[in-house]
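Me: I have a structure to go through and some basic questions. Can we start with the strands?

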Amino acid sequence: MGRTRTENGGGRKGGSPFIAILVFLVTLGLAALTYPSYLGVGKSKDSPALLGYAEALPQTIAPMRILILPAPAGSMRLRLKVLDLSGQELSLLERSFQGQGLGLDFVSRRLAPAAKGGTGRTLLFPRDLYGYGESGEGPDKAILLDAYDRDGLPGIYLGAKAPTEAEAKALAKLLASVREDSSASRRMQLLLPAPEAGTAYELRLGASGNPVLVKVGAF
């Protein structure tokens, strides 16, 4: 009772070097475990194939178009067309929502560069589509992942080139990780306050790196 030094510390300022080394090793181990999650794949060995595939894709985020249909005041009705990168239709959905604004939520995946000096690439996966108003989001949401899931692969990133076996495996792991992701830090939200009835919008990647909805002439 009353002793101020510990048995391991020996009263020396700064504590035991063994403790410092142990802390460093634990931190290093945790970093190694979380690095693959940063890539969005199960194992880091998948990252070169995934990054190589992603860097060859067009810069547009996802070929998705939305047509705003006439609806009663305080609500919204729309038609959503999901395409692959070749323009082939994957899904066509029609939904109604409460609220006068349109919201889209995404899960983002930052792919680290394969080599020093590389820029890497961010892929965004549309997750939820919903209406919102002054009181916030409406009670109904359209879950979009199934609209472009093609046998476990993200159809919105197919069509520009055929993935190799290694690339397809990495893409499948990436989509699976997106489905399980509940982290708010990797979520991105796009809000369109007052979409115009009769207008078609296309989802694109803006110059800022953020997704935008741009008016287009045809749905």
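Me: How many bridges join strand 1 to strand 10?
Reply: Three bridges join strand 1 (residues 64-69) to strand 10 (residues 200-205), and the two run antiparallel. Strands pair if DSSP finds at least two bridges between them. Strands here are DSSP runs of E with at least two residues, and helices are runs of H or I with at least four, numbered from the N terminus.

Me: Which residue stands opposite Arg65?
Reply: Glu202 in strand 10.

Me: And what about strand 11?
Reply: Strand 11 (residues 211-216) is antiparallel to strand 10, with six bridges between them. Tyr201 is opposite Lys215 there.

Me: Is this a predicted model, and how are residues numbered?
Reply: This is a predicted model, where local features need pLDDT of at least 70, side-chain atom pairs count only at pLDDT 80 or more, and totals for chains, interfaces and linings use all residues. Residues are numbered from 1 along each chain as its sequence is written, and side-chain values use heavy atoms, leaving out hydrogens and water.

Me: New topic: how many aromatic pairs are there?
Reply: A search of the whole structure finds one. Phe125 and Tyr157 have ring centres 5.5 Å apart and planes at 80°, so the pair is edge-to-face. Rings of Phe, Tyr and Trp (its six-membered ring) pair with centres within 6.5 Å; planes under 30 degrees apart are stacked, over 60 edge-to-face, the rest tilted.

Me: Are Phe125 and Tyr157 buried or exposed?
Reply: Both Phe125 and Tyr157 are buried (under 20% relative accessible area; exposed is over 50%, partly exposed in between, with a 1.4 Å probe and protein chains only).
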